[in-house]
Amino acid sequence: EIVTELKLEGQLNKDVAHLSGGQLRRAYIARSLVALLAELSLERPVVLVLDEATVGLDLETQYALLEFLRRYSNEVHPYFSIIAISHDPFILRYLCKRILVLHTDAADDVGATIVDEVISEEIGISNYHHDHTEMLMKDLS
C-alpha cells in the first residue's frame, strides 16, 4: 500500500543508482515507514524524523508526499508521529500541528535552543516572540 501510494510500484526491481532523486527520497521514506509500521502497536507509539524531506522534489511530488504523510499520521495510524525538520514554513504549516523554532545565538556557547513555539493555524497571522521566527515566517504574512 505504501509503495503504491508513493507511486513506486514500477521501481521495485530497480537498483537505487537508477532511481531519480525524487524516487530515491520516496523509496527511503517508504522503506522507513514499512519498517516502523511493522512494529506499530497501540502500546508503542512510533516516530519518524524527516530532515528536509521535500528538498529537490517538484511541487506535485512534494504535495503528494506531504498529503500521504499527513494522512498516515492523522488518520491511518493515530499512534504514528512525524518530526519534520525544515526551513520551509509552507511545508511545516501543512504537515505539523505544532512548530518549535530553533536558533543559535553566536554569543552563546550552548548551541541551538527553542526560541518560539507556533501552532500551525497561527503561522502567518501571529506575533512571534523572536526575530528569527519573524524572519522565517515573513513569506507567509
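This passage walks through the overall build of the protein, then its pockets and a patch on its surface.

The model is a predicted one. Its fold uses five helices and four strands, and reading along the sequence gives the pattern α-α-β-α-β-α-β-β-α. So the chain opens with two helices, and a helix closes it. Taken along the principal axes, the box filled by the C-alpha atoms comes to roughly 50 × 35 × 30 Å. The protein has 141 residues, and 33% of them are buried.

Next come the pockets. The largest one has a volume of about 760 Å³. Its lining is made of 25 residues, and those closest to the pocket's centre are Ala-84, Cys-96, Arg-98, Ile-99 and Leu-100. Several parts of the chain chip in here: α3 (59-76), β2, α4 (89-95), β3 (98-103) and α5 (131-137) each give at least two residues to this lining. Strand β2 provides the largest share, with six residues. As for chemistry, the lining of the largest pocket splits into 16 nonpolar residues, six polar ones and three charged ones.

The second largest pocket has a volume of about 250 Å³. Its lining draws on residues including Val-3, Leu-8, Gln-11 and Leu-12, along with others such as Leu-24, Ala-27, Tyr-28, Ala-30 and Arg-31. Helix α2, which covers residues 21-38, gives the most to this lining, namely five residues. Sorted by class, the lining of the second largest pocket holds nine nonpolar residues, one polar residue and two charged residues.

Now for the outside of the protein. Val-47, Val-49, Ile-83 and Ile-85 together make a nonpolar surface patch of about 340 Å². Two strands are behind this patch: β1 (46-51) and β2 (80-85) each supply at least two of its residues. One of the patch residues, Ile-85, sits in strand β2. Is Ile-85 buried, partly exposed or exposed? With a relative accessibility of 40%, Ile-85 counts as partly exposed, because that label covers values between the 20% limit for buried and the 50% limit for exposed.

Strand β2 therefore turns up in two places in this account. It supplies at least two residues of the nonpolar patch, and it also gives six residues to the lining of the largest pocket.

Definitions and conventions
Residues are numbered from 1 along each chain as its sequence is written. This is a predicted model: local features need pLDDT of at least 70, side-chain atom pairs count only at pLDDT 80 or more; totals for chains, interfaces and linings use all residues. Side-chain values use heavy atoms; hydrogens and water are left out. Patches are made of residues with over 30% relative accessible area and no salt bridge: like charges are joined within 9 Å, nonpolar side chains (Val, Leu, Ile, Met, Phe, Trp, Tyr) within 5 Å. Accessible areas come from the Shrake-Rupley method with a 1.4 Å probe; for residues, only the protein chains shown count as cover. A salt bridge is a side-chain nitrogen of Lys or Arg within 4 Å of a carboxyl oxygen of Asp or Glu. Buried means under 20% relative accessible area, exposed over 50%, partly exposed in between (1.4 Å probe, protein chains only). On a 1 Å grid over the protein atoms alone, a cavity is a set of points where a 1.4 Å probe fits but cannot get out, and a pocket is an open set with protein on both sides within 12 Å along at least five of seven lines; lining residues have an atom within 4 Å of a point. Grid points are joined across faces, edges and corners, and a volume is the space filled by probe spheres set on the points. Ala, Val, Leu, Ile, Met, Phe, Trp, Tyr, Cys and Pro count as nonpolar, Asp, Glu, Lys and Arg as charged, and the others, Gly among them, as polar.
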